[in-house]
Amino acid sequence: QSETLIPDGASLFSDILRASGQKVTNDILKKILLATQLSYVDELYFRIAIGLVDPEQIVSILTNKDSAVAPKSNFLVRSKSKNGPSYLIASCCCPIPGDPVIGFKSADGSITIHKKTCKVAEDIAAKHGEWVVVPQWDTAVMSASFPVRITLKGIDRVGLLSDISHYISLIMGVNIRRLNIGTQDGLFDGYIEMSVNDRSVLDKILEKLSSIEGIQSVVRTDM
């Protein structure tokens, strides 16, 4: 079954390299395989096609000559069987506990989890409905931290950034991984990447931030 997605992954990989001004070569393939800890080119192409290896990760490997980029972290979700398959979080949409999700069983038996609203997931489901499984979040995963990004816009004022970071870090106890906000002509926009345990924490942060003076829009966006 995976053979049908391998050509799609190969084409996408070629497009990524062209966008970076490079061509597919054996040296580049070896470098990507080493960094992603994969053994076969077809396995790499398959994982690119289902969103488990994303363009940003490939570009990072190619532009960082001295260090390998580790694969995306894997998080377990509940299996009906104690000896059930391993589950992987798709890097194209980064679902977190509480998100409605859909899973796809790959040729090696592992299941890749996407948000139901993920465009990649919609495309795979339309072409390969027989791969679809319905996973549920395991309560054991709730203590893990999952990366999310929120995008903010509004009217700039003195102390605004302090109010935002104070609420996220000190009151909610959430770790801010990256903050990128710019201002121009009295307006600001940007994004914050952070690690949360589940959807309820994220929803509470969004609700509170939307009430802070000056913030006109705050939404979760893809990373």
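## The big picture

How many helices and strands does the protein have? There are 7 helices and 8 strands. Keep in mind that this is a predicted model, so everything below describes a prediction, not an experiment.

Two overall numbers help before we look at the parts. Of the 223 residues in the protein, 40% are buried. Now take the contacts with a separation of 6 or more: 65% of them are between residues 24 or more positions apart.

## The antiparallel sheet

Let's start with the sheet made of β6, β7, β5 and β8. Its 4 strands lie in the order β6-β7-β5-β8, the sheet is open, and the pairing is antiparallel. Which strands stand at the edges? They are β6 (175–184) and β8 (215–221); each has a single partner strand, so one side of each is left without a neighbour in the sheet. On average, neighbouring strands here are turned by 15° against each other, ignoring direction.

Now walk across the sheet, pair by pair. β6 and β7 are joined by 9 bridges, and in this pair I181 stands opposite G190 of β7. Moving on, β7 and β5 are held by 10 bridges, and L152 also has G190 in β7 opposite it. Then β5 (residues 146–155) pairs with β8 over 6 bridges, where R149 has T221 as its bridge partner.

The turn between β6 and β7 is worth a look too. This hairpin has 2 residues between the strands, and D185 takes a positive phi near 55°. As for β7 itself, the strand is mostly covered, with 8 of its 10 residues buried.

## Two helices on that sheet

Which strands does helix α6 touch? Helix α6 (residues 160–171) packs on the sheet and touches β5, β6, β7 (187–196) and β8. Its direction makes about 165° with that of β6. Helix α7 (residues 199–210) packs on the sheet as well, touching β5, β7 and β8, and its direction makes about 165° with that of β8.

## A closer look at α7

Here's a quick check you can do yourself. At 1.5 Å a residue, the 12 residues of α7 should span 16 Å, and the end C-alpha atoms are indeed 16 Å apart, which agrees.

Which residues of α7 are buried? They are V201, L202, I205, L206 and L209. Looking down the axis of α7, you'd find its buried residues within an arc of 135°, so they line one face of the helix. Those buried residues pack against β5, α6, β7 and β8. Flip to the face turned away from the buried side and you meet the exposed residues S200 and E207.

## The mixed sheet

The other sheet to look at is also open: its 4 strands have the order β1-β3-β2-β4, with mixed pairing. At the edges are β1 (87–89) and β4 (132–133), each pairing on one side only.

Inside this sheet, β2 and β3 (residues 111–115) run antiparallel and pair over 5 bridges. I102 has H114 in β3 as its bridge partner, while V101 stands opposite K115 in β3. β2 also runs antiparallel to β4, with 2 bridges joining them; there, F104 is partnered with V132. How enclosed is β2 by the rest of the structure? Largely, because 4 of its 5 residues are buried.

A helix belongs in this picture as well. α5 packs on the sheet, touching β2, β3 and β4, and its direction makes about 50° with that of β2.

## Two nonpolar cores

In soluble globular proteins, nonpolar side chains tend to be buried together. In this model, the largest nonpolar core has 31 residues, and F13, I32, L44, I48 and I58 touch the most other members. Which elements give two or more residues to this core? They are α1 (6–19), α2 (26–36), α3 (41–49), α4 (55–63), β2 (101–105) and α5 (119–127).

Zoom in on F13 to see this packing residue by residue. Leaving out residues up to four places away in sequence, F13 touches V24, I28, L29, I32, Y45, I48 and I58. There's also a second, separate core of 29 residues, which includes Y87, I164, V196 and V201. You've already met V201: that residue is one of the buried residues of α7.

Definitions and conventions. Residues are numbered from 1 along each chain as its sequence is written. This is a predicted model: local features need pLDDT of at least 70, side-chain atom pairs count only at pLDDT 80 or more; totals for chains, interfaces and linings use all residues. Side-chain values use heavy atoms; hydrogens and water are left out. Two strands pair if DSSP finds at least two bridges between them. Axes are lines fitted to C-alpha atoms, for helices over the stretch in contact, and angles run from 0 to 180 degrees between N-to-C directions. Contact means heavy atoms within 4.5 Å. A nonpolar core is a set of buried Ala, Val, Leu, Ile, Met, Phe, Trp, Tyr and Cys residues joined through side-chain atoms within 4.5 Å. Buried means under 20% relative accessible area, exposed over 50%, partly exposed in between (1.4 Å probe, protein chains only). The expected span of a helix is 1.5 Å times one less than its number of residues. The arc is that of the directions from the helix axis to the C-beta atoms.
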